Amino acid sequence: MAKRSARFTCQNCGSVTTRWAGRCDACGEWNTIVEESDGGVGAGPRTIGLAGRKGRVFPLVGLAGEAKEAPRIVSGMTELDRVTGGGFVRGSAVLIGGDPGIGKSTLLIQAAARLALNGQRVVYVSGEEAVGQVRLRAERLGLAGAPVSLAAETSVEDILATLQAGPTPGLVVIDSIQTLWTETAESAPGTVTQVRASAQALIRYAKATGVAVVLVGHVTKDGQIAGPRVVEHMVDAVLYFEGDGADRFRVLRAVKNRFGPTDEIGVFEMTGSGLSEVANPSELFLGERDGKSPGAAVFAGMEGSRPLLVEIQALVAPTSLGTPRRAVVGWDGNRLSMVLAVLDAHCGVRLASHDVYLNVAGGLRIQEPAADLAVAAALVSSLSGVALPRNSVYFGEVSLSGSIRPVARSDQRLKEAERLGFTGGIVPLANLGEAAGGALSGAVSGVEALADLVARVAAGSAGLEAPARNPGISGRPAPKPAVAFDRDRRPAGNRAIEGAPGRLAGGPT
Ligand code: TYD
Ligand code: MG
């Protein structure tokens with residue numbers, strides 16, 4: 001008989017090694033490697049008993065053929081259904097991740113109650129809270145009357161036995177996967193092996209019975225679903241519930257979905273009586289806007305199929321340190337470095353001796369490159385001390401050459417801006433044609449290079465009718481910027497912009 005080999009698994013990332021080490025080579029964490037038995041789930045078939053078994057022949061089929069649309073359980077919470085792609089798919093497993101206290105349990109008890117009131121059989125298994133605690137929350141939310149089947153249990157075998165004993169439910173919620181343990185794995189609860197084995201058992205149950213299973217998973221500080229990153233590969237959909245703990249807005253985002261799009265977001269607001277859906281997030285994110293101070297630009301973005309207007313705030317201040325600070329909240333730091341480099345190289349806006357702080361209002365996280373132009377506008381506005389026109393929106397992708405690339409769905413972005421009372425905007429020149437039909441068409445101007453935007457912001461005419469288009473490109477002299485380059489009126493500390501006029505007038509070098 002073959003010698004039974006030892007197996008060591010990192011409890012942080014799940015990588016397997018043949019010998020123990022103090023530090024995991026794969027993820028670099030210390031003291032996370034633990035010896036586990038070879039018989040654990042995921043270790044491959046046990047040799048005993050299977051050695052002599054011959055494989056079964058199964059038929060292979062073509063791509064064309066009958067395929068049914070996945071049957072879905074619609075929760076009735078529009079924002080949740082949008083993110084799942086139209087409801088929970090029967091027989092699928094969904095992982096909902098998020099920081100502790102962000103509202104995962106609240107969201108799921110609300111969805112469970114909705115479904116139960118609509119006649120679905122819903123089982124809610126809490127491994128973290130006692131039945132009394134869950135009841136108390138349901139009462140606070142005014143959902144105590146909903147016929148949800150509730151239990152506080154952590155043994156996977158007991159949970160599956162209970163589920164199989166009663167009538168088949170439509171939806172099962174497990175809160176949370178980290179608290180479960182199964183007898184098929186030997187390690188302690190909470191370890192990668194346990195989490196993986198428990199998830200596998202529940203996913204197998206979902207596939208076999210057609211029940212939709214929702215697993216809750218906690219996320220660590222660095223944004224990884226703690227321990228069970230392995231679970232991400234096993235489930236059909238991974239949704240993140242995120243938001244600034246101090247802020248009341250919460251965003252549900254799909255990062256993986258086998259049955260729907262992954263760019264949709266659902267927006268919720270945490271209130272005294274639970275999570276309420278936000279159907280018009282733009283209004284919310286633009287809520288308390290101060291249009292007079294420099295450094296704020298409204299970005300007309302898209303989140304999935306929905307346009308979303310958010311304010312981008314920048315603060316540029318002379319640094320007192322050797323290395324200037326760059327702090328970003330809600331956007332990609334590398335993207336900011338790129339915009340700063342393009343501003344420096346092609347527009348003469350030097351920020352090497354300035355601290356730069358960038359913030360996306362409302363705790364939202366933006367991933368679109370289309371935000372480049374709005375970020376640049378906010379940066380130049382803050383640096384020059386010239387407030388951008390209150391009623392203008394910005395979008396466009398900045399390329400390394402300093403030109404502005406067109407973005408998708410500009411008509412929808414402008415329509416949303418118009419709906420919210422905006423009267424102008426700066427968009428990529430190539431998108432201007434699409435704007436022609438809209439109501440904003442007359443007030444929207446196109447830019448072809450980032451230098452054009454800088455000249456306009458500095459001239460205080462960004463977003464309003466700007467007659468000289470592309471001064472740098474066409475070789476025509478740029479209109480003399482009124483405020484930012486005027487030594488007397490320029491706010492202190494804005495020397496960095498000095499190089500701009502010459503550069504603009506001379507065209508790109
Ligand atoms: P919870 O759903 O328990 O978070 P998670 O399951 O993700 O750990 O949410 C807890 C937080 O939500 C808690 O800080 C209080 C807040 N909350 C409200 O503000 N209003 C409410 O009606 C409820 C139920 C919770
Ligand atoms: Mg919870």
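## R409 and the loop before α10

In this predicted model, R409 sits in the loop that runs between β21 (404-405) and α10 (410-419). The phi of R409 is positive, at about 55°, although R409 is not a glycine. Most residues other than glycine have a negative phi, and most peptide bonds are trans. R409 has a relative accessibility of 36%, so it counts as partly exposed.

## N31 and the sheet around it

A second non-glycine residue with a positive phi of about 55° is N31. N31 belongs to the loop between β2 and β3. With a relative accessibility of 66%, over the 50% cut-off, N31 counts as exposed.

The strands on either side of that loop belong to an open sheet of three strands, ordered β2-β1-β3 and paired in the antiparallel sense. Each of β2 (16-17) and β3 (33-36) has a single partner strand and stands at an edge, so one side of each lacks a neighbour in the sheet. The antiparallel pair of β1 (residues 7-10) and β3 is joined by four bridges. Within this pair, C10 is placed opposite I33 of β3.

## The cis bond at D175 and S176

Between D175 and S176 the peptide bond is cis, and its omega is near 5°. S176 is part of the loop between β9 (171-175) and α5.

## Helix α5

Helix α5 covers residues 192-209, which makes 18 residues. From the first C-alpha to the last the helix reaches 26 Å, close to the 26 Å expected at 1.5 Å a residue. Of its 18 residues 13 are buried, so α5 is largely enclosed by the rest of the structure. After the helix comes G210, with a positive phi near 80°.

S198 lies in α5. Is S198 buried or exposed? Its relative accessibility is 0%, which is under the 20% cut-off, so S198 counts as buried. The side chain of S198 reaches back to the backbone oxygen of Q194, at 2.7 Å. An α-helix has 3.6 residues a turn, so residues three or four places apart point the same way.

## Strand β22 and its two partners

Strand β22 spans residues 424-428, and five of the five are buried, so the strand is largely enclosed by the rest of the structure. One partner is β19 (residues 392-394), which runs parallel to β22 and is joined to it by three bridges. Here V393 is opposite G425 of β22.

Strand β23 (residues 444-447) also pairs with β22 in the parallel sense, over four bridges. In this pairing P428 faces V447 of β23.

## Helix α1 and T78

T78 is a residue of helix α1 (residues 78-84). Its relative accessibility of 48% makes T78 partly exposed, because the range for that class runs from 20% to 50%. The C-alpha atoms of T78 and G266 are 8.1 Å apart in space, while the two residues are 188 residues apart in sequence. G266 falls within β13 (265-271), one of the elements that supply the ligand shell described next.

## Surroundings of ligand 1

Which residues are closest to ligand 1? They are G101, S105, T106, R137 and G274, out of 16 residues that surround the ligand. The shell is made up of four nonpolar, eight polar and four charged residues. At least two shell residues come from each of α2 (104-117), α3 (131-140) and β13 (265-271). The largest share, three residues, is supplied by α2.

Three contacts to oxygen atoms of the ligand can be listed:

- T106: a polar side-chain atom lies 2.6 Å from an oxygen atom of ligand 1.
- R137: a polar side-chain atom lies 2.8 Å from an oxygen atom of ligand 1.
- G103: a backbone N or O atom lies 3.0 Å from an oxygen atom of ligand 1.

On its own, ligand 1 has 560 Å² of accessible area, and the protein covers 74% of that.

Terms used:
Residues are numbered from 1 along each chain as its sequence is written. Chains are lettered from A and ligands numbered from 1 in the order in which they are written. This is a predicted model: local features need pLDDT of at least 70, side-chain atom pairs count only at pLDDT 80 or more; totals for chains, interfaces and linings use all residues. Side-chain values use heavy atoms; hydrogens and water are left out. A residue is near a molecule or strand if one of its heavy atoms lies within 4 Å of it. A polar contact is a pair of N or O atoms within 3.5 Å; within protein, one must be able to donate a hydrogen and the other to accept it, and residues adjacent in sequence count only if both atoms are side-chain atoms. Accessible areas come from the Shrake-Rupley method with a 1.4 Å probe; for residues, only the protein chains shown count as cover. Ala, Val, Leu, Ile, Met, Phe, Trp, Tyr, Cys and Pro count as nonpolar, Asp, Glu, Lys and Arg as charged, and the others, Gly among them, as polar. Two strands pair if DSSP finds at least two bridges between them. The expected span of a helix is 1.5 Å times one less than its number of residues. Buried means under 20% relative accessible area, exposed over 50%, partly exposed in between (1.4 Å probe, protein chains only).
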